[in-house]
Structures are given as C-alpha cells and as structure tokens.
Amino acid sequence: MKVGDLISFKPKSFSDDDWSNPGIVLDSYISKDYERNDEVWIVWINGHKCLVNERVDDVVIITGS
C-alpha cells in the first residue's frame, strides 16, 4: 500500500460484509507503541480521515497510484 492508492478495509474481527467504502491513502506514519513500531495509514473516506493499521485491519487495494 502506498500514498495515492484507493483501498477498502475492515477490522480483522469483522465479517466479510463489513468492508469500508473506497478511500484514498493520504499519508502514513510509524506508531511507536510499546514493543512494536506499526505503520499507520491515513485514509480519506466519506469526507473523514481514518487510520488503518495492517496488523489489525484487512486491506484490499482497489487501484494503485
């Protein structure tokens, strides 16, 4: 996943019917959380910024940038 990609995501614990609307990846940052450093993606969906973490979210890339 990279900036400019159009993606859809859902938390891994949700059902297959719970995918988000498509959103565009705006940016990312590294979260310094205890023992791990996770990359967190900032995604624009439905007029809002959402945070996506591939460790806890399933992600599908719809179109690449």
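**View 1. Strands β1 and β2 of the predicted model, joined side by side.** Two bridges join β1 to β2, and these two strands run antiparallel. The structure shown here is a predicted model, and the legends that follow should be read with that in mind. A place to begin looking is I7, whose bridge partner in β2 is G23. In sequence, β1 covers residues 6–11 and β2 covers residues 23–33, and the loop between these two strands holds W19.

**View 2. The whole sheet, seen as a row of five strands.** The five strands form an open sheet, and reading across it gives the order β4-β3-β2-β1-β5, with antiparallel pairing. Which strands stand at the edges of this sheet? They are β4, made of residues 48–53, and β5, made of residues 57–63; each has a single partner strand, so one side of each is left without a neighbour in the sheet. From one strand to the next, the twist averages 30 degrees. When following any one strand by eye, it helps to remember that in a regular strand the side chains alternate between the two faces of the sheet.

**View 3. The hairpin of β2 and β3.** Nine bridges join β2 to β3, and the two strands run antiparallel. One of the residues to look for is K32, which has N37 as its bridge partner in β3. The hairpin has two residues between the strands, and in this hairpin Y34 takes a positive phi near 50 degrees.

**View 4. The hairpin of β3 and β4.** How many bridges join β3 to β4? There are six, and these strands, too, run antiparallel. Within this pairing, the bridge partner of I42 in β4 is L51, while I45 stands opposite H48 in β4. This hairpin has two residues between the strands, and here N46 takes a positive phi near 55 degrees.

**View 5. Salt bridges around D58.** The count of salt bridges in the model comes to four, and two of them can be followed in this view, starting from D58. In one of them, the side chains of K10 and D58 meet with a distance of 3.1 Å from N to O. This pair links distant parts of the chain, since K10 is in strand β1 and D58 is in strand β5, 48 residues apart. In the other, the side chains of D58 and K12 meet at 3.3 Å, again taken from N to O. Here D58 in strand β5 is linked with K12 in the loop between β1 and β2, and the two residues are 46 residues apart.

Are these three residues buried or exposed, or do they fall in between? K10 has a relative accessible area of 2% and is therefore buried, because a value under 20% is counted as buried. K12, with a relative accessible area of 43%, is partly exposed, and D58 also counts as partly exposed, at 23% relative accessibility. The side chain of K10 has a further contact, for one of its polar atoms lies 3.1 Å from the backbone oxygen of F14.

**View 6. The salt bridge of R55 and D38.** R55 forms a salt bridge with D38, and the closest N and O atoms are 2.7 Å apart. R55 lies in the loop between β4 and β5, whereas D38 lies in strand β3, which covers residues 36–45, so the pair ties together parts that are 17 residues apart in sequence. At 38% relative accessibility R55 counts as partly exposed, whereas D38, at 11%, counts as buried. Salt bridges that share partners join K10, K12 and D58, the residues of the previous view, into one network. To place D38 in the wider model, one can compare its position with that of L6: the two are 32 residues apart in sequence and 20 Å apart in space, from C-alpha to C-alpha.

**View 7. A nonpolar patch on the surface.** Which residues form the nonpolar patch on the surface? W19, V60 and I62 do so, and together they have about 240 Å² of accessible area. W19, whose place is in the loop between β1 and β2, has a relative accessible area of 31% and is partly exposed.

Key
Residues are numbered from 1 along each chain as its sequence is written. This is a predicted model: local features need pLDDT of at least 70, side-chain atom pairs count only at pLDDT 80 or more; totals for chains, interfaces and linings use all residues. Side-chain values use heavy atoms; hydrogens and water are left out. Patches are made of residues with over 30% relative accessible area and no salt bridge: like charges are joined within 9 Å, nonpolar side chains (Val, Leu, Ile, Met, Phe, Trp, Tyr) within 5 Å. Accessible areas come from the Shrake-Rupley method with a 1.4 Å probe; for residues, only the protein chains shown count as cover. Helices (H or I, at least four residues) and strands (E, at least two) are DSSP runs, numbered from the N terminus. Buried means under 20% relative accessible area, exposed over 50%, partly exposed in between (1.4 Å probe, protein chains only). Two strands pair if DSSP finds at least two bridges between them. Axes are lines fitted to C-alpha atoms, for helices over the stretch in contact, and angles run from 0 to 180 degrees between N-to-C directions. A polar contact is a pair of N or O atoms within 3.5 Å; within protein, one must be able to donate a hydrogen and the other to accept it, and residues adjacent in sequence count only if both atoms are side-chain atoms.
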